[in-house]
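Let's take a walk through this model together, starting with the chain as a whole and ending at a single residue. Keep the structure open beside you as you read.

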Amino acid sequence: MPLYGDIIVGVVILIGLLGIVIPVIPGTLLVVVAILVWAAIVGGWAWAVLGVAVALIAITETVKYLVAGRVLRSDGIPNRTVVVGAVVGIVGFFVIPVVGLFLGFIVGAMLAELVRTRSTTQAWRGTVSASRAAAYTIGIELFGGLLAAGIWLGGAIAL
């Protein structure tokens, strides 16, 4: 693949990594698709690079849900708090672009916990716990994306 092709793939991977941190675009999916396109064009050992990258992302995707679930269970927070936070966050994203996603998540989680606990203090603790679980998932997913990007970069340099 010519250098400009590798640069384009690298830029798409970078956009995917940014999409993991700022969940506006499907970050992990972009990383995988960019490496898939690269492997399809390069062929040969590039398919092994793709396989390793996909395996790493699959492992980190599984781990992120397990860790988030464990954090929520240990703090006694039901999954619906995160679901309500996510739905209100998506609405918030359209009301106040980008920032509304985070604000909406916090407001939604707070409202869900307030309805559940009937206590502002407990609702805030639940909101902090849900936010912490969300932060863990973003960090774990970013780690997997960075690992996949590193595997691709090593493969692009070697091939």
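A residue is called buried here when its relative accessible area is under 20%, and exposed when that area is over 50%. By that measure, 38% of the 159 residues in the chain are buried. Please bear in mind that this is a predicted model.

With that in hand, look at the overall build. The chain has six helices and zero strands, so that, read from the N terminus, its elements follow the order α-α-α-α-α-α. Measured out along the principal axes, the C-alpha atoms fill a box of roughly 60 × 30 × 15 Å. Among contacts with a separation of 6 or more, 60% join residues that are 24 or more positions apart.

How do these helices pack? Two packed helices are described by the angle between their axes and the distance between the axes. Begin with H1 and H6, whose axes come within 9 Å and cross at roughly 170°. Angles over 145 degrees count as roughly antiparallel, and therefore H1 is roughly antiparallel to H6. On the H1 side, the contact includes Asp-6, Val-9, Gly-10 and Ile-13, while H6 brings residues including Ile-138, Glu-141, Leu-142 and Trp-152. By class, the residues of this contact are eleven nonpolar, two polar and two charged.

Now turn to H3, which also packs against H6, at an angle of about 170° and with the axes 9 Å apart. This makes H3 roughly antiparallel to H6 as well. The contact of H3 with H6 is made up of 19 nonpolar, five polar and four charged residues.

Next, the empty space. The largest pocket holds about 820 Å³. It is lined by 32 residues, and Pro-23, Phe-105, Ala-134, Thr-137 and Ile-138 are the closest to its centre. Helices H1, H2, H3, H4, H5 and H6 each give two or more residues to the lining, with the largest share, eight residues, coming from H6. In terms of class, 21 lining residues are nonpolar, nine are polar and two are charged. Ile-138 is worth a second look, since this residue of H6 also takes part in the contact with H1.

Finally, visit the loop between H5 and H6, where Arg-118 is found. Most residues other than glycine have a negative phi. Arg-118, though not a glycine, has a positive phi of about 60°. Is Arg-118 buried or exposed? With a relative accessible area of 69%, Arg-118 is exposed.

How values were computed: Residues numbered from 1 in each chain as written. Predicted model: local features only at pLDDT ≥ 70, side-chain atom pairs only at ≥ 80, totals over all residues. Heavy atoms only, no water. 1 Å grid on protein atoms, 1.4 Å probe; cavity = no way out; pocket = protein on both sides within 12 Å on 5 of 7 lines; lining within 4 Å. Points joined across faces, edges and corners; volume = space filled by probe spheres on them. Helix = DSSP H or I, 4+ residues; strand = E, 2+ residues; numbered from the N terminus. Nonpolar A, V, L, I, M, F, W, Y, C, P; charged D, E, K, R; others polar. Axes fitted to C-alpha atoms, helices over the stretch in contact; angles between N-to-C directions. Parallel < 35°, antiparallel > 145°, perpendicular 65-115°, else oblique. Contact = heavy atoms within 4.5 Å. Buried < 20%, exposed > 50% of the residue type's maximum accessible area, 1.4 Å probe, protein only.
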